[in-house]
Every structure is written in structure tokens, then in C-alpha cells.
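Q: Please take a close look at how helices pack against one another here, and give the reasoning in full sentences. I would like to follow the contacts residue by residue, and then see how buried positions elsewhere are surrounded.

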Amino acid sequence: MRHSTPSPHPQAYPAGVEYTGQLPVMLGGGVLPPGTPVYPHTNANAHTIHLYQQGMRPGRRTDANESGTTLRSALLDEFRANKTRKWELRDIFGYVVEFSGDQHGSRFIQQKLESATSEEKEIVFDEIVPDNALQLIQDVFGNYVIQKLFEHGTQVQKTVLANAMEGHILALSLQMYGCRVVQKGGLVKELDVHVLKCVKDANGNHVIQKLIERVSPDRLGFVNSFRGSVYELSTHPYGCRVLQRCFEHLSDDQNRPLLEELHKYTINLMQDQFGNYVVQFVLEHGKPEDRALIISKLRGQILPMSRHKFASNVCEKALVMADMDTRRTLITEIMTPKPDGVSPIVTMMKDQFANYVLQRSILVVDHSQRDEYAGRIRPHLASMRRYSSAYSKHLVAIERLLDKVAPLKTAEDTTIVVESELV
């Protein structure tokens, strides 16, 4: 059987801190490796916001030849070089922002914040918020420290930090590192009027997905803006992911208008490279009435839809998720020759996509149809193998499935059956 293209579900950010493979920081004068402390920070993302320059500390060395570029302080140099000393948070007080923007310093602060005292957290917090918060939120390493503040800070500190981001939530949601902090903070209200823009953005869509997953549905008023845009979102590479999260986490009252809109475009969505994933999701996880309505659209269309690159995936899912009677109806349609005498079975055997639907149907066929179905397929296998080798790969796979699901009875088996009936 084929391996279907993976559904474009969201890729969650790893829980652990992983710095390898980070993208370089883009500067006006070129590219520096990740973790090179540069103040003020400049971001190449199209959705930039104003960044506040970090205050200079005594002891930090500045390269006079490069305006605006600040090198590591003597303390950070020592921290990176001295691996034998047991460092504590108090050892870097006054340099927290600089350490947060350094690969090793950021990891150190993250680890220490997990077990820090209230006083230590307060000092770290005060050095960062509010003056340096936006700078670090967008930093390749600093964003992890901000996430830890949201995770381990007091409720008051979280509120103050959220207030420092106020007015910048949209821009941060569309920024590579800022979007992670917005997800961690669960900041909702400010995105209401910009939600469709976020949904269609490579970074912003992750923010919307995380909000839908983690925030109480009654606080997600922005999902109302999806109404009237279900087809547009379903056929978008990021929008299709967001809709799947809606169907997974929202209340029935919130989802019903979206599903009713989706049902208007079912056939079109089945044939779309992204929309087919939304339809498959509803087939697998939706309510029985929604599943039945989708499958009803396939009746009379199972052959042409099976031959379509994307709709064939939906046909397979429908055969698996259908109730017993509906599955029998679909398989009967496959078995029944067309008015022009053409056998759907033969057509599906030859087709690069439909042959997988045929294989799936063999696996799920009900026992009451199994022998008849196998009897309809096997003669075509023999004749196609005799006249063409072009489909040999498909034919071998189909024959193996038949032998597994409905093996041919031997003469001995037939004799035993006849004798048992006579007795």
C-alpha cells in the first residue's frame, strides 16, 4: 500500500532547548553566525517592529570600527571560557540581557530559572522587562528566556510582560522567534482583527493553532471571522491546518457554521491538494452525520474520484470510516460494470491512483461480499497479466491482498465442505 502524503498538521516547537541548525541573524552589513551578540538587534523578517537598544554596561568592550556592534563583555567571555567555576544567577546580575542573547548564556539562564528563588527571578525580570523585552523576544536565543519567564514567573510578572508586548502582538506573531513567545503567553485579544493574516503566515499560523489548542473556546471570539472563508482557508497550506485544529478543539456551536459551509464545497475540496486533508480529518474525527454527508457525495462518483491524485486519498479514508452498509454500497459500485460495459475494477487496476483505492477496498470489504468481490477481481488479474506487463507492480500487490483476505479454496477444501453439507 502507498504511504499517503503526510497531513500538514502543525509542528510543535520542541520542549527542550535546541540551538543547532538555527538560522543566521541577518544584518544590514551581512550575516553573522547564530548567537553572535549584536546590539541593537536587527531582524530581516518583513514584519519588523522597533527594537530598543540595550544599555551599555561597564566592562563591555566595543569595537570602534563597527558602529553599533557591541562585543562580549569580559564577564561573558569568562563565563564561556571557565567551565570549572560553578556559576549562579547572582554572578551575572547586571548582565542578564547580554547573557540572554548568547547561546550558552541563554541556556544557563533557562536552567537556573527553573529552580530560582523569588528574589532571583525578580532581579532577572527587572533587567529584561520592559526595556529589553521586545529585543529578546525576537532574538534567536533570547526568546527562550522570555518563554521561561512566562513559564516560571509570578502572575504579576506575566501580566507586566504581556503588557510590554501590547501593541506588537501581530508583528511578533509573524516573526520567526516572536511567534513562539506569543504562543507561550497565550495572548489572544489583540489578534482578533488580524487573525486571517496570521492564519496565512508561515509563523503566525502556529500562534493561532496553539491558541485554539490551549485557550478556552469561549475566549476565542476570533474564530467567528473564519465564517465565509472556509473554502479559502481549506485550500491554503496553513489555513487547512488551522481549520483542522478548529474541528478538533472548538465547541459544537462554534464548529457547526464552519462545517455547514464546508459541506457546500466537499467535492471541490476533495480534489484540492490541501482541502483533501480537511475532508479526511472530518471523515476520521467528525460526527457521524458529517461523515455520512461527505461519503454520500462519493456515491456514483467513486471511480472518477479514485482516479484523482488528491481525491483518491479521501476515497480510501471513506472506505475505512464508512459504516458497514455504506461500505457495501461503495464496493458494489466498484463491482458493477458501467452502461458501456467498462468494468470499474479494470480501470482502477490500471490507474496510478485508483489502484490504491482498490487495494484499500480489498482490505476493508465485509465478509458477506468478500468472496464475490475476489471472484470479480481475479479473472481480470489473469487477463491483464497475460496481455500487459505495464501494471505488474499494481497487480502483484492486489493479488497478494486477495490471497491474504480471500484465499482460493483448494480441491481438498471443497471436498470437505461438500461432505459436511451431506452429513
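A: What follows starts with the overall make-up, goes on to three helix pairs, and ends with some individual residues and helices.

The model is a predicted one. The protein contains 25 helices and four strands, and 47% of its 423 residues count as buried. Among contacts between residues at least 6 apart in sequence, 69% join residues at least 24 apart.

Two packed helices are described by the angle between their axes and the distance between the axes. Helix α13 (residues 239–249) packs with helix α16 (residues 275–285) at an angle of about 15°, and their axes are 9 Å apart. Because angles under 35 degrees count as roughly parallel, α13 is described as roughly parallel to α16. The crossing of these two helices, α13 and α16, is right-handed. On the α13 side the contact involves C240, Q244, R245, F247 and E248, and these meet Y277, V278, F281 and V282 of α16. Sorted by class, the contact of α13 with α16 has six nonpolar residues, together with one polar and two charged residues.

Helix α16 also takes part in a second pairing, with α19, where the axes come within 10 Å and cross at roughly 0°. The two helices α16 and α19 are therefore roughly parallel to each other. Here α16 contributes N276, V279, Q280, L283 and E284, while α19 contributes N313, V314, K317, A318 and M321. By class, the contact of α16 with α19 has five nonpolar, three polar and two charged residues.

Helix α19 (residues 311–321) in turn pairs with helix α22 (residues 354–364), their axes coming within 9 Å and crossing at roughly 5°. This angle, too, is one for which the helices α19 and α22 are roughly parallel to each other. From α19, the residues S312, C315, E316, L319 and V320 meet Y356, V357, R360, S361 and V364 in α22. By class, six nonpolar, two polar and two charged residues form the contact of α19 with α22.

One residue of that last contact, S361, deserves a closer look. S361 has its place in helix α22, and it counts as buried because its relative accessibility is 0%, where the cut-off for buried is under 20%. Leaving aside residues up to four places away in sequence, S361 touches L319, I331, I334 and Y373; L319 is also among the α19 residues in the contact with α22. S361 and L330 are 31 residues apart in sequence, and their C-alpha atoms are 9.0 Å apart in space.

A second serine can be described in the same terms. S100 lies in helix α2 (residues 96–100), and at 0% relative accessibility S100 counts as buried. Apart from residues up to four places away in sequence, S100 touches S106, I109, I128, L136, D139, F141, G142 and V145. Two of these, G142 and V145, are themselves among the buried residues of helix α6.

Helix α6 (residues 142–152) is mostly covered, with nine of its eleven residues buried. The buried residues in α6 are G142, N143, Y144, V145, I146, Q147, K148, L149 and F150. What covers them includes α2, α3 (103–113), α4, α5, α7 (155–165) and α9 (178–185). Helix α1 (residues 74–81) can be set beside it: L75, L76 and F79 are buried there. Seen down the axis of α1, these buried residues fall within an arc of 95°, so they line one face of the helix.

Two prolines in loops complete the picture. P130 is found in the loop between α4 (118–128) and α5 (133–137), and the peptide bond from V129 to P130 is cis, with omega near 0°. Most peptide bonds are trans. P337 is found in the loop between α20 (324–335) and α21 (344–350). With a relative accessible area of 48%, P337 is partly exposed. Not counting residues up to four places away in sequence, P337 touches V342, S343 and P344.

Technical notes: Residues numbered from 1 in each chain as written. Predicted model: local features only at pLDDT ≥ 70, side-chain atom pairs only at ≥ 80, totals over all residues. Heavy atoms only, no water. Buried < 20%, exposed > 50% of the residue type's maximum accessible area, 1.4 Å probe, protein only. Contact = heavy atoms within 4.5 Å. Arc of directions from axis to C-beta. Axes fitted to C-alpha atoms, helices over the stretch in contact; angles between N-to-C directions. Parallel < 35°, antiparallel > 145°, perpendicular 65-115°, else oblique. Left-handed = near helix turned anticlockwise from the far one by under 90°. Nonpolar A, V, L, I, M, F, W, Y, C, P; charged D, E, K, R; others polar.
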